[in-house]
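User: Could you take a close look at one part of this model for me? I'd like a connected account of a strand, the elements around it and the path of the chain between them.

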Amino acid sequence: MTLRATPDSHVSPPDLAPEDSPNLIYFSSVSGNTRRFVERLGMPAARIPLRPRLEGMLHVNRPFVLIVPTYGGGSRSRALPRQVAQFLNVPRNRSLLRGVITAGNTNFGQDYCLAGTVVAEKCGIPELYRFELLGTPHDVARVREGLTLFWSTQPTDPED
Amino acid sequence: MQERLLEPELSTVSVTPPEYRRNPAARLRPINWNRVQDEKDLEVWLRLTANFWLPEKVPLSNDLPAWKSLSELQRTQTMRVFTGLTMLDTLQATVGEICQIQDGRTEHEQAVYTNIAFMQSVHARSYSSVFSTLSDTPRIDAAYRWAVDNDLLQQRCKSVMAHYYGQDALKRKVASTLLSSLLLYAGFYLPLHYSVHATLTNTADMIRLILRDKAIHGYYSGYKYQRSLAEQDAGRQREMHQFTQQLLQDLYELELRYSAQLYEPLGLMDDVAVFVRYNANKAMMNLGYPAPFSAAETAVNPTILAALSPGSEENHDFFSGSGSSYVIGRAEDTHDADWEF
């Protein structure tokens, strides 16, 4: 399958070989806020496509942490972007999910970072971190440190 | 960039009504929601309209016993805080959001701003609902007189107004985003503080409805700003970054001086300053700029954060161990319907 480059700096091929499959997968809407945070992390990452029907859904082959924004102010079922739900409906993708980091806004009260809670509960993995909007420099530093530490504690055998 | 183009013929031979001012000879076209150019416009319209509310839906009279237990000083300061908020939301409803319509990148954006302007009027009216439920006309009138006479409140408003009536659309967006994401928050601190002390809890619930709306307003205005900014050359982008930093600094300093008048008598000013900086960071992030204040400068009192967003004061921080959503278990297969609750 040919690799299709997207306008941002990360290539999002539909099917990644294990050695090419990054351990950080994210979704960002057209606002690009989450993408900006991921770029500042400076770690290899792949983006869940905005239009999976046109671009093909992403298939990963290595354990990963998901970074996802919350669509706030609505119902619980709409907190998670639909493309992320579709990505996680692929059994192999979901089986490799190890943790979730969520972007949100405390203005949404109880729904703050709801997408992360939803994913954590449905998939049985921990919420690792929450940040607001596109994240402060402190958030970027903390996530970088945290991810490094997190992966050092994970078993090296990727299979369930 | 996923914007679909308008049918070529219509976009070249017609304009939206706001463009009449610049091009009175052109033909006008009606809004067409069947051809949305920017999906974000529809997404935000749907979110905002789904969140519609009116102050009549909030049982404010249940706060009467709590109101009566406040001291005269607390009641006076509270009314002045809320009158200040009313001033800003009046400004946004009748000028700030309205003047964004002429700059709309799409016709649907123009419609979204009519919704935002209306909801700012709802916010402004909701503070009056608090007054009329809890207080009396002489005291309400005194608070309004105070607002008109208060030089700092007037200066805060006129600092942004200059840009609303100016020639620069980008500066207009920045001023509006800073107002709705920053200037109001010193005011929002007080009802959150009261709710921590289990007082005026219905008023706090109403404030949370306002906050929910304003988060989307700030996000949307910031998004539109960034889209327009991306089309500018490097020099202009630099100019706008400097402008924004300067305006933020000016408004922040005004904010501290204004808020001191309200909060120093209540002994809350230090906490309020932290909350203001925390929201200044969010205002800048909405505009796509780095958060200027450090983590230490924006460490909001956890009880206030919890009042704003229950659970947010928990440290979801990798190995902290907290975060009630940590569930160890086998992941199950999910289908689209499973994500619906």
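Here is a walk through one region of chain A, starting from a strand and moving outwards.

Analyst: Happy to! Please keep in mind that this is a predicted model. Let's begin with strand β5 of chain A, residues 127–132. Six of its six residues are buried, so β5(A) is largely enclosed by the rest of the structure.

Who is its partner? Strand β4 of chain A, residues 97–104, pairs with β5(A) in the parallel sense, over five bridges. Within this pairing, Phe131(A) in β5(A) has Ala103(A) standing opposite. To get from β4(A) to β5(A), the chain passes through helix α5 of chain A, residues 114–123, and the resulting β-α-β crossover is right-handed. As you look along either strand, it helps to recall that side chains in a regular strand alternate between the two faces of the sheet.

The connection itself deserves a pause. In the loop between β4 and α5 of chain A you will find Cys113(A). Its phi is near 55°, a positive value in a residue other than glycine. For context, most residues other than glycine have a negative phi. Is Cys113(A) buried or exposed? The cut-off for buried is 20 or more other C-beta atoms within 10 Å; Cys113(A) has 30 C-beta neighbours inside 10 Å, so Cys113(A) counts as buried.

Now let's move on to helix α6 of chain A, residues 137–152. This helix has 16 residues and reaches 23 Å from its first C-alpha to its last, close to the 22 Å expected at 1.5 Å a residue. Its buried residues include Asp139(A), Val143(A), Leu147(A) and Phe150(A). These four cover an arc of only 70° around the axis, which puts them on the same side of α6(A). Turn to the other side of α6(A) and you meet Glu145(A), Thr148(A), Leu149(A) and Ser152(A), which are exposed.

And what covers the buried residues of α6(A)? Here we return to where we began: β4 and β5 of chain A are among the covering elements. The cover also includes α1 (33–41) and β3 (64–69) of chain A.

Put together, the picture links a buried strand, β5(A), its parallel partner β4(A), the right-handed route through α5(A) between them, and α6(A), whose buried residues are covered in part by those two strands.

How values were computed:
Residues numbered from 1 in each chain as written. Chains lettered and ligands numbered in written order. Predicted model: local features only at pLDDT ≥ 70, side-chain atom pairs only at ≥ 80, totals over all residues. Buried ≥ 20, exposed ≤ 12 C-beta atoms within 10 Å, placed from the backbone. Pairing = 2+ DSSP bridges. Right-handed = clockwise from strand over helix to strand, strands pointing away. Expected span 1.5 Å × (residues − 1). Arc of directions from axis to C-beta. Contact = placed C-beta atoms within 7 Å.
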